[in-house]
Amino acid sequence: CRCGDHMSWGALPVLEDESGATADTVHVPFVPTPLSSVRRLLEMCELKHDDVLLDLGSGDGRMTITACQQVPGLRAIGVELRSSLVEEARENAVRAGLDVEQQCRFVEANIYDVDPVEWGVTVMAIYLNPKALRHLLPTFERFLRGGGRLATVQYALEDEWRPTIVDEALRLQLYTAASVPGQ
């Protein structure tokens, strides 16, 4: 299903959480991405109005909100485990004049329980630590093989993954299907 095509924005399915993960056990701290990095990362993604952006570990929503402000018509979803940050992100989106039901959504969920393919996501933007990235490699591989684009802040994927575009100064990487090992 493409998010918004056949599925209501109100019905984003999340896989059954059997991990028992909480904000305390996942150990993915909230570290705000500098706005200069956000803007450059989104530029690297070459977002279009018909893209659906997914920000895993969206924190205060700055990546999701900035993307919606820069690309009219873009739909974006921020996924965050901490309810206080989800609420802050929604408030930030409303302050930015965005529709938090139809354009710029924030979902409280475990990042490991989200299926970007099922949600119709075309671009993923993430700032996660190496342990979290490693855990998500199978999800990334399936997503990229389906034609998606994946942008990471600070940490690159493991050595055999080859980014398509790198901004060394800001430590940003963009991955496509050609980046998947064995391609």
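A salt bridge is taken here as a side-chain nitrogen of Lys or Arg within 4 Å of a carboxyl oxygen of Asp or Glu. The structure is a predicted model, in which local features need pLDDT of at least 70 and side-chain atom pairs count only at pLDDT 80 or more, while totals for chains, interfaces and linings use all residues. Residues are numbered from 1 along each chain as its sequence is written, and side-chain values use heavy atoms, with hydrogens and water left out. Helices (H or I, at least four residues) and strands (E, at least two) are DSSP runs, numbered from the N terminus.

Under the salt-bridge criterion, the count comes to nine. One of these joins Glu43 to Arg40, with the closest N and O atoms 2.8 Å apart. Both residues lie in helix 2 (residues 35-45), where Glu43 and Arg40 are three residues apart, about one turn of the helix. Accessibility is given as relative accessible area (1.4 Å probe, protein chains only), with buried meaning under 20%, exposed over 50% and partly exposed in between. Glu43 is exposed because its relative accessible area is 53%, whereas Arg40, at 24%, counts as partly exposed.

A salt bridge also forms between Glu158 and Arg134, at 3.8 Å from N to O. This pair links distant parts of the chain, since Glu158 is in the loop between strand 5 and strand 6 and Arg134 is in helix 5 (residues 130-145), 24 residues apart. Glu158 is partly exposed at 29% relative accessibility, and Arg134 is partly exposed at 45%.

Within helix 5, Glu141 forms a salt bridge with Arg145, the closest N and O atoms lying 2.8 Å apart. The separation of Glu141 and Arg145 is four residues, about one turn of the helix. Glu141 has a relative accessible area of 30% and is therefore partly exposed; for Arg145 the value is 44%, also partly exposed. Elsewhere, Arg40, Glu43 and Asp167 are joined into one network by salt bridges that share partners.

Strand pairing was assigned where DSSP finds at least two bridges between two strands. Strand 1 (residues 52-56) pairs with strand 2 in the parallel sense over five bridges, and the bridge partner of Leu53 in strand 2 is Ala76. The chain passes from strand 1 through helix 3 to strand 2 in a right-handed β-α-β crossover. A crossover is called right-handed if, with the strands pointing away from the viewer, the path from the first strand over the helix to the second runs clockwise. Strand 2 is also joined to strand 3 (residues 104-108) by five bridges, and these two strands run parallel. In this pairing, Glu80 stands opposite Glu108 of strand 3. The connection from strand 2 to strand 3 runs through helix 4 (residues 83-95), and this β-α-β crossover is right-handed.

Strand 2 (residues 75-80) is mostly covered, with six of its six residues buried. Both faces are covered: Arg75, Ile77 and Val79 are buried on one side, and Ala76, Gly78 and Glu80 on the other.

Internal space was evaluated on a 1 Å grid over the protein atoms alone, a cavity being a set of points where a 1.4 Å probe fits but cannot get out, and lining residues having an atom within 4 Å of a point. Grid points are joined across faces, edges and corners, and a volume is the space filled by probe spheres set on the points. The count comes to two cavities of 30 Å³ or more. The largest cavity holds about 170 Å³ of space. It is lined by 20 residues, of which Val31, Thr33, Gly57, Ser58 and Tyr127 are the closest to its centre. Helix 3 (62-70) and strand 4 (123-126) are the elements that give two or more residues to this lining. The lining of the largest cavity comprises 10 nonpolar, five polar and five charged residues. In this classification, Ala, Val, Leu, Ile, Met, Phe, Trp, Tyr, Cys and Pro count as nonpolar, Asp, Glu, Lys and Arg as charged, and the others, Gly among them, as polar.

Two backbone positions complete the description. Most residues other than glycine have a negative phi. Gln154, although not a glycine, has a positive phi of about 75°. Gln154 is in the loop between strand 5 (149-153) and strand 6 (165-167) and is partly exposed at 24% relative accessibility. Arg171, likewise not a glycine, has a positive phi of about 60°. Arg171 is in the loop between strand 6 and strand 7 (172-175), and its relative accessible area of 43% makes Arg171 partly exposed.

How values were computed
1 Å grid on protein atoms, 1.4 Å probe; cavity = no way out; pocket = protein on both sides within 12 Å on 5 of 7 lines; lining within 4 Å.
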